[in-house]
Amino acid sequence: MSVSGPDFEDMVNNAPCGYVTLHPSGRIEHVNPTLLAWSGHPADQMVGKRFTDFLTMPGRIYYETHIAPLLRMQGFFNEFAIDMVTAAGEPLHMIANANERRDADGKLLLIRLALIKATDRRRYEQELLAGRELAIAAERATQEVLLLEHETSELREQFIAVLGHDLRNPLASISAGARLLGRTVQNEKEQQIAAMMQTTVMRMASMIDNVLDFARGRLGGGITLEYDAKGPLEPVLAQVIDELRLASPGRVIEFEFAVDGPVNCDRIRIGQLLSNLLGNAVTHGTANKPITVHAETRNGLFELWVADAGEAIPQTVMDKLFEPFFRGKARASKQGLGLGLYIASQIAKAHGGALTVASTPAETRFSFSMPLA
């Protein structure tokens, strides 16, 4: 099915959401009437200029340091928050999707962005929730107390979802600033401070991702997957291990990979699963003993496990490990949100696999297994 031509352009121009077509240089080639109306900018003042010229400063930094590099790597970027500036100088909060279009030789032809107002998205989610609540009220008219608790829970999770979106832009600005400072350090002390800022940003970004996944799951979206079996999975796993080594200096993380063929999975999600398991091992494992990561394909399965040496997990705790907001007995300095293992288990289920745990006085091992077919 073609994604160009008169019919497609007519659909874009009459769409209720905003559309922007960018030249490979990043300059705007076309803006649809919807986005022009939202922003208040005339078409002749937008076409030919860079898209980033119409973003707030934090939005510009976020797009150039986070969205653009990942877009070049994978050819698309689903659902990211970005702030534009209207003709009146007011911020316009948007949620966007971006896709590249290339020719048969892989040459970049254009980039298309589809945008909706964040307020419209939130109102749509609220309308869905309202419809669901009416259905629940009809079915459980005699359970008013339970219905009230359900509504309170959903409102809390809506707040979490909005909070996660609103935290991403300033966090991206902090990350960009830390990288710039890291290039100008004059001594070892300054280098340590810059490295500490980067590791803190990594930890906060992971927490935000977990919060958003939890909120989406509870609001009915579930864990979404983008399957990809084109490239090797090992570099993704190795990058996660390198990031955790950087964030936990002094901890030894050993790994062994025996992945013989392609693994059809969501590579970003598998990386997130591994990151959550490693973070758990760093928090609860014995500090002077190595953490081991092993990945392999065999008997039609992809298997990944993370093991650490620490105290055996009591059975009463084992029964609750994969529940949201359960944190066990983590040290006060290492307390997180208690969502890491829960999100990891949901990623495993979304892949048609399972996440299990076995714990003895000698070793605690979290194992993920999924079918290759």
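How many of the eleven residues of helix 11 are buried? Eight, so helix 11 is largely enclosed by the rest of the structure. Keep that helix in mind. We will come back to it.

First, the overview. This is a predicted model. The chain has 373 residues, and 40% of them count as buried. It has eleven helices and ten strands. Take the contacts between residues at least 6 apart in sequence: 59% of them join residues at least 24 apart.

Now the cysteines. A search of the whole structure finds zero disulfides. Two cysteines deserve a look. C17 is buried, at a relative accessible area of 15%. C265 is buried as well, at 0%.

Next, the largest nonpolar core. It has 38 residues. Which of them touch the most other members? They are L274, L278, F302 and F368. Several elements give two or more residues to this core. The helices are helix 8, at 234-247, helix 9, and helix 11, at 340-350. The strands are strand 7, at 291-298, strand 8, at 301-308, strand 9, at 354-359, and strand 10, at 364-371. Helix 9 gives the largest share, seven residues.

Stay with F302 for a moment. Leaving aside residues up to four places away in sequence, F302 touches ten listed partners, among them L233, V259, V263 and A295. F368 is also on that list, along with S369, M370 and L372.

There is another core, apart from the largest one. This other core has 29 residues, including W38, Y63, A68 and L71.

Back to helix 9, which runs over residues 267-284. R267 lies in it. Is R267 buried or exposed? Its relative accessibility is 18%, and the cut-off for buried is under 20%, so R267 counts as buried. The R267 side chain reaches the backbone oxygen of G231 at 2.9 Å. Setting aside residues up to four places away in sequence, R267 touches D228, G231, P232, L233 and V236.

Now helix 4, residues 57-74. What span should its 18 residues have at 1.5 Å a residue? The expected figure is 26 Å. The end C-alpha atoms are 25 Å apart, which agrees. Still, helix 4 bends by about 40° at Y63. Y63 is also one of the buried residues of this helix. The others listed with it are G59, Y62, I67, A68 and L71. Why might buried positions recur along a helix? An α-helix has 3.6 residues a turn, so residues three or four places apart point the same way. After helix 4 comes G75, with a positive phi near 85°.

Helix 4 also has a partner from further along the chain. A176 lies in helix 6, residues 144-182. A176 is buried, with a relative accessible area of 8%. Beyond residues up to four places away in sequence, A176 touches I61 and T65. A176 and T65 are 111 residues apart along the chain. Their C-alpha atoms are separated by 6.9 Å.

Finally, helix 11 again. Its buried residues are G340, L341, Y342, I343, A344, S345, I347 and A348. This helix is among the elements that give two or more residues to the largest core. G352 follows helix 11, and its phi is positive, near 75°.

That is the tour. Thank you.

Note on methods
Residues numbered from 1 in each chain as written. Predicted model: local features only at pLDDT ≥ 70, side-chain atom pairs only at ≥ 80, totals over all residues. Heavy atoms only, no water. Disulfide = S-S within 2.5 Å. Buried < 20%, exposed > 50% of the residue type's maximum accessible area, 1.4 Å probe, protein only. Helix = DSSP H or I, 4+ residues; strand = E, 2+ residues; numbered from the N terminus. Polar contact = N/O pair within 3.5 Å; in protein donor to acceptor, adjacent residues only side chain to side chain. Contact = heavy atoms within 4.5 Å. Core = buried A, V, L, I, M, F, W, Y, C linked by side-chain atoms within 4.5 Å. Expected span 1.5 Å × (residues − 1). Bend = angle between axes of the 7 residues up to and from the residue.
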